[in-house]
Amino acid sequence: MSTLICGSIAYDTIMVFHDRFKNHILPERLHILNVAFLAPEMRREFGGCAGNIAYNLQLLGGDPLIMATVGDDADPYLARLDALGLARTHVRRVPGSFTAQAFITTDLDDNQITAFHPGAMSFSHENAVADTQGVTLGIVAPDGRDGMQKHARDFAAAGIPFLFDPGQGLPMFSGDDLMEFLRLADYACFNDYEAQLLCDRTGRTLDQLAGEVSALIVTRGGEGSEIRVDGQCLQIPCVKAEAVVDPTGCGDAYRSGLLYGITAGWDWQKSGRLASLMGSIKIAQRGGQNHRPSRAEIGERYAAAFGETLC
């Protein structure tokens with residue numbers, strides 16, 4: 001009963017500028033912008049939506065199967081997957097390319113300037129859902145444009161239910177593209193900004209779009225999330241975090257809770273609560289894959305937050 005996670009594997013290089021961008025960027029000179037920021041702090045994290053979701057789903061005791069493309073520089077990431085016991089049968093190396101990576105510079109006001117290189121991610125369409133075995137649930141997470149469309153169609157053709165989660169890849173698609181995704185998918189998940197863009201591109205309201213899938217989920221950061229299902233809109237509270245350190249990967253952690261709940265056959269209230277808890281656990285640690293709670297610890301925190309057991 002594997003969950004196939006189609007999405008990106010990426011490196012995140014994060015640098016900290018010990019000043020404020022606004023002190024060095026002159027609005028009246030933007031047409032000849034030429035600035036350099038000294039960043040004495042730097043760290044490299046393992047990231048990418050597929051990697052992050054799989055990491056969190058494994059923490060919960062799920063059976064994630066990653067489908068992604070990586071480049072010639074992927075050895076450290078592949079070694080990490082092996083050490084974690086995450087299968088990489090469907091992680092394809094694309095010779096002559098780099099693994100997707102983001103270069104993020106953050107200032108003292110938590111403003112960020114990011115450059116993203118897709119690299120091998122652009123070849124994700126070379127992977128096929130039909131090459132897998134034992135998959136009962138899937139997710140189409142941010143990836144190469146052609147790959148996202150192909151994998152959605154693959155899931156639908158194979159009769160495998162899947163969650164559509166375009167994330168930062170949503171702007172690549174037209175309104176017609178997005179409607180096709182929703183008609184193929186069983187579930188869909190967006191943050192509040194993406195949900196508004198979805199409505200703008202399709203010319204439909206969230207309530208109308210919810211009619212295309214079994215459940216439509218919208219996350220709203222510290223305000224919690226909402227799940228539209230069976231004509232209702234369930235309100236899922238945000239779980240208070242031990243500390244707010246880094247939001248990177250929180251959405252991926254949230255989605256792992258949804259996937260686990262769907263596989264377990266839970267109702268949407270419980271699945272949403274677990275998703276909310278996973279996001280709160282992640283935000284207390286830097287990077288998308290550095291939190292390490294045991295399954296028992298997750299259960300204890302769930303019981304403390306919601307007054308019910310997590311089976």
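Phe164 stands opposite Ala188 in β10, within a model that is predicted, so that local features are reported at pLDDT of at least 70 and side-chain atom pairs at pLDDT 80 or more, while totals for chains, interfaces and linings use all residues. Residues are numbered from 1 along each chain as its sequence is written, and side-chain values use heavy atoms, with hydrogens and water left out.

Strand β9 (residues 162-164) and strand β10 (residues 187-191) pair in the parallel sense over two bridges, where pairing requires that DSSP finds at least two bridges between two strands, and where helices (H or I, at least four residues) and strands (E, at least two) are DSSP runs numbered from the N terminus. Both strands belong to an open sheet of nine strands with mixed pairing, in the order β5-β4-β1-β8-β9-β10-β11-β12-β13. The edge strands of this sheet, each of which pairs on one side only, are β5 (90-93) and β13 (232-236). From one strand to the next the twist averages 20°, the axes being lines fitted to C-alpha atoms, for helices over the stretch in contact, with angles from 0 to 180 degrees between N-to-C directions. Helix α4 (residues 175-184) lies across β9 and β10 and runs at about 155° to β9, contact being defined as heavy atoms within 4.5 Å.

Outside the order of that sheet, strand β6 (residues 100-106) and strand β7 (residues 112-117) pair in the antiparallel sense over six bridges, with Gln101 opposite His117 in β7. The hairpin of β6 and β7 has five residues between the strands, and Asp110 takes a positive phi near 65° in it.Aromatic rings were also examined, with rings of Phe, Tyr and Trp (its six-membered ring) taken to pair if their centres lie within 6.5 Å, and with planes under 30 degrees apart counted as stacked, over 60 as edge-to-face and the rest as tilted. By this rule the count comes to 13 aromatic pairs. The rings of Phe17 and Phe21 are stacked, because their centres are 5.9 Å apart and their planes are at 10°, whereas the rings of Phe173 and Phe181 have centres 4.9 Å apart and planes at 80°, so that this pair is edge-to-face. Both Phe17 and Phe21 are buried, as are both Phe173 and Phe181, buried meaning under 20% relative accessible area (1.4 Å probe, protein chains only). Phe164, Phe173, Phe181 and Phe190 form one aromatic cluster.

Charged side chains also lie over aromatic rings, a charge being placed over a ring if NZ of Lys or CZ of Arg is within 6 Å of the ring centre and within 35 degrees of the ring normal. Arg44 lies over the face of Tyr11, at 3.8 Å from the ring centre, and Lys270 lies over the face of Trp266, at 4.5 Å from the ring centre.

Definitions and conventions: Buried < 20%, exposed > 50% of the residue type's maximum accessible area, 1.4 Å probe, protein only.
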